[in-house]
Amino acid sequence: MEPERRKTKKYTFKSLEVEELRKLGSLIVDQDKICRKYGRLLYLLRTKMEEGILSTLIHFYDSLYHCFTSLINNYCLPWKSIQVLLGYLLLEDPFIGLEQDPKPCEIAKSTHLRKGEIEKNIVTKGGLHRLPVVFLIEKALTLSQEIKEEDFEAIFSLLVYGLFLFPNTNNFVDVNAIKIFMKKNLVPTLLGDTYYSIHLKNSYGKGMVTCCTPLLYKWYISHLPDTPEFWS
């Protein structure tokens, strides 16, 4: 999935979208249950990142060797680290982007939406089918009020995939994010998106890291000293 290319120094996702997701996440009744089913999405959403940390990390990215260099060690972002941080297992069937678009009835089965709702709201933009974020948020809020927990959790998790893990188009969750959500095998794609975004930024001096930046942040600080003196 190609990252949005903008001339900016920021390495973070859109704060308004994340705040909206955090508000939705606060409505989840059983947070342990959703973590077991969809991974540690709430854990990543709540990450508070120290300003400047990611900028420093990306500065030390070596485009030739595809790793982060320092005076002490060189670090590669391994799939096992992503697996642990997300609470997801790596499966044998990764998303490759050539899969056929799922039918509305197939999307409905995975997202707990109705087939008619999908057919009514799905749009085509840039050659890709997409679901409007406004529609999904309104649906999630309605399900929360109706105390339909499993349905709410499915749509909330889909929104996290489309806005937080694999953002591609403003105000929409595109079909690629939906496919990955249905496959339940996000680790390979997330790892590839991370390296591609960082490589593009360092090689051409443009673009932004559009992957799940808290995931990259969590991995990086795990290699730093965990002492008050260091962080101060």
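In this predicted model, Leu-86 makes a good starting point for a walk through the fold. Setting aside residues up to four places away in sequence, Leu-86 touches Gly-39, Arg-40, Leu-44, Leu-186, Val-187, Leu-190 and Leu-215. Find Leu-86 in the viewer and you can pick out these partners one by one.

One of those partners, Arg-40, leads to a ring. The charged end of Arg-40 sits over the ring of Tyr-43, 4.0 Å from the ring centre.

Leu-86 also belongs to a bigger picture. The largest nonpolar core has 60 residues, and those that touch the most other members are Leu-86, Leu-136, Phe-156, Leu-159, Tyr-161 and Leu-165. The element that gives the most to this core is helix α9, residues 149–165, with 11 residues.

Tyr-161 deserves a longer stop. This residue lies in helix α9 and is buried, since its relative accessible area is 0%, and buried means under 20%. So which residues share a ring cluster with Tyr-161? Ring pairs join Tyr-38, Tyr-161, Phe-166 and Phe-181 into a cluster, and the model holds four aromatic pairs by the rule used here.

Two of these pairs can be described in detail. A pair of aromatic rings is characterised by how far apart the centres are and by the angle between the planes. For Tyr-161 and Phe-166, the centres are 6.1 Å apart and the planes stand at 45 degrees, so this pair is tilted. Phe-166 is buried as well, with a relative accessible area of 2%. For Tyr-161 and Phe-181, the centres are 5.1 Å apart and the planes stand at 85 degrees, which makes the pair edge-to-face. The cut-off helps here: an angle over 60 degrees counts as edge-to-face, whereas stacked pairs have planes under 30 degrees apart and the rest are tilted.

What does the pair of Tyr-161 and Phe-181 tie together? Phe-181 lies in helix α10 (residues 175–183) and Tyr-161 in helix α9, so the pair ties together parts that are 20 residues apart in sequence. Both Tyr-161 and Phe-181 are buried.

For a final stop, turn to Leu-141 in helix α8, which covers residues 133–145. Is Leu-141 buried, exposed or partly exposed? With a relative accessible area of 36%, Leu-141 is partly exposed, because that value falls between the 20% limit for buried and the 50% limit for exposed. Apart from neighbours within four places in sequence, Leu-141 is in contact with Leu-24 and Leu-27. Leu-141 and Ile-155 are 14 residues apart in sequence, with a C-alpha to C-alpha distance of 9.8 Å.

Definitions and conventions. Residues numbered from 1 in each chain as written. Predicted model: local features only at pLDDT ≥ 70, side-chain atom pairs only at ≥ 80, totals over all residues. Heavy atoms only, no water. Core = buried A, V, L, I, M, F, W, Y, C linked by side-chain atoms within 4.5 Å. Buried < 20%, exposed > 50% of the residue type's maximum accessible area, 1.4 Å probe, protein only. Helix = DSSP H or I, 4+ residues; strand = E, 2+ residues; numbered from the N terminus. Contact = heavy atoms within 4.5 Å. Phe/Tyr/Trp six-rings, centres within 6.5 Å; stacked < 30°, edge-to-face > 60°. Lys NZ or Arg CZ within 6 Å of the ring centre and 35° of its normal.
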